[in-house]
Amino acid sequence: MEMVNVNATWEMPRRGAVKINVHGFFSEIQLANGNRSGIGVVVINSRGTILRMLSGSLGINERGNNELYAYLEGLKRAYAEDYPAVILETDHVQSYWEWKNSTIEGGIPEHAYVLKQLNTRRRDKNFALDVRLTDPEDNELAAYLAEYGASRWNQMVVIKRSFGRVYELWSKDMGLGPVGPQFRAVNEEEMAVEVMEDGVINPPANMFVMVEQNDEEFMQNENAAFGDGFMVQIQED
């Protein structure tokens, strides 16, 4: 069962629900790896903890279709992780209204398949779905993951660890402001320790749910892959 809201500002999901922010990146020219599109997905809980991120490309060469598939990738993650109540948020106005109005007005013929899949999900009475439109400035982490994935991968990748600008953009989307060293409070005993290591700002300990596998087990997993020195896992579904 689905509701559609226009949400001007970023809000935390209610207790028991998750928020899934999605974004579809599209380039008019082919990137160095042959991709033109990418998808970014961020799943957080009611405490703001990042549960999962997805980044990658489905090789779609049409902007609107790629945006609609970003919704679908977010919903697939919700079903894979058994989240019964989901706020699904995007900053892409055209695809938002196309999906909302598709059961009444139809959609672009080239989008028929993905719209049918999305509408099947929103008719599910056992799945509480709240679709929202948000400001691009409140969806920067998903946008970052979409562009990052387009430039690196030819499939969707599940990411469980912070890298690059993830912590910075998570903090900004959450309304927690800048993350530079001068904005971080430290304990007295930390005063002799550098706040930053190798130029990367360390995220708070509770930003991610801890992965049960240790690093050695993760690296031995046949589905494991590497990107720029951080560990990722190829999505199977």
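Leaving aside neighbours within four places in sequence, which residues is serine 37 in contact with? In this predicted model, the partners of serine 37 are Phe25, Phe26, Ser57, Gly59, Ile60, Asn66 and Ala150. Serine 37 is found in strand β3, which covers residues 37-44. With a relative accessibility of 0%, serine 37 counts as buried. One of these partners can be described at the level of atoms: a polar atom of the serine 37 side chain lies 2.6 Å from the backbone oxygen of isoleucine 60.

Another partner of serine 37, asparagine 66, offers a view of the same region from a helix. Asparagine 66 has its place in helix α1, and at 0% relative accessibility this residue counts as buried. When neighbours within four places in sequence are left aside, asparagine 66 is in contact with Gly24, Phe25, Ser37, Gly38, Ile39 and Ile60. The residues Phe25 and Ile60 thus appear in the contact list of serine 37 and also in that of asparagine 66. A further reference point is valine 114, which is 48 residues from asparagine 66 along the chain, with 9.7 Å between the two C-alpha atoms.

It helps to step back to the whole chain here. The chain has six helices and 11 strands, and 48% of its 237 residues count as buried. The accessible surface comes to about 12500 Å², and carbon and sulfur atoms account for 50% of that area. Among contacts with a separation of 6 or more, 73% join residues that are 24 or more positions apart. The average pLDDT of the chain is 82, and 77% of the residues score at least 70. Residues 210-234 call for caution, since pLDDT stays under 50 over this stretch; the model has 43 contacts beyond four places in sequence for these residues.

Strand pairing can be followed outward from β3. Strands β3 and β4 pair in the antiparallel sense over six bridges, and isoleucine 39 stands opposite glycine 56 in β4. The hairpin of these two strands has five residues between them, and within this hairpin glycine 48 takes a positive phi near 85 degrees. Strand β4, residues 50-56, is mostly covered, with seven of its seven residues buried. β4 also pairs with strand β7 (residues 156-159), again in the antiparallel sense, over four bridges. In that pairing, serine 55 stands opposite valine 157 in β7.

A parallel pairing is found elsewhere in the chain. Strand β5 (residues 85-90) pairs with β6 in the parallel sense over six bridges, and the bridge partner of isoleucine 87 in β6 is aspartate 130. Strand β6, residues 128-133, is mostly covered, as five of its six residues are buried.

What lies inside the fold can be described through its nonpolar cores. In soluble globular proteins, nonpolar side chains tend to be buried together. The largest nonpolar core here has 30 residues, of which Ile20, Tyr71, Val86, Leu88, Trp99, Leu118 and Leu129 touch the most other members. Helix α1 gives the most to this core, with seven residues. A second, separate core of 21 residues includes Ile50, Leu141, Ile159 and Met174. Leucine 88, named above in the largest core, touches Ile20, Val22, Tyr71, Leu75, Trp99, Leu129, Asp130, Val131 and Arg132, not counting residues up to four places away in sequence.

Several loop residues present the opposite picture, that of exposure. Isoleucine 29 is found in the loop between β2 and β3. Why does isoleucine 29 count as exposed? Its relative accessibility is 62%, and the cut-off for exposed is over 50%. Not counting residues up to four places away in sequence, isoleucine 29 touches Asn35 and Arg36. Aspartate 82 lies in the loop between α1 (63-80) and β5 and is exposed, with a relative accessible area of 64%. Its phi is near 60 degrees, a positive value in a residue other than glycine. Glycine 16, in the loop between β1 (2-6) and β2 (18-26), counts as exposed at 58% relative accessibility. The C-alpha atom of glycine 16 is separated by 8.4 Å from that of proline 84, a residue 68 positions away along the chain.

How values were computed
Residues numbered from 1 in each chain as written. Predicted model: local features only at pLDDT ≥ 70, side-chain atom pairs only at ≥ 80, totals over all residues. Heavy atoms only, no water. Buried < 20%, exposed > 50% of the residue type's maximum accessible area, 1.4 Å probe, protein only. Pairing = 2+ DSSP bridges. Polar contact = N/O pair within 3.5 Å; in protein donor to acceptor, adjacent residues only side chain to side chain. Contact = heavy atoms within 4.5 Å. Areas by Shrake-Rupley, 256 points an atom, 1.4 Å probe, with all protein chains shown as cover. pLDDT = per-residue confidence, 0-100. Core = buried A, V, L, I, M, F, W, Y, C linked by side-chain atoms within 4.5 Å.
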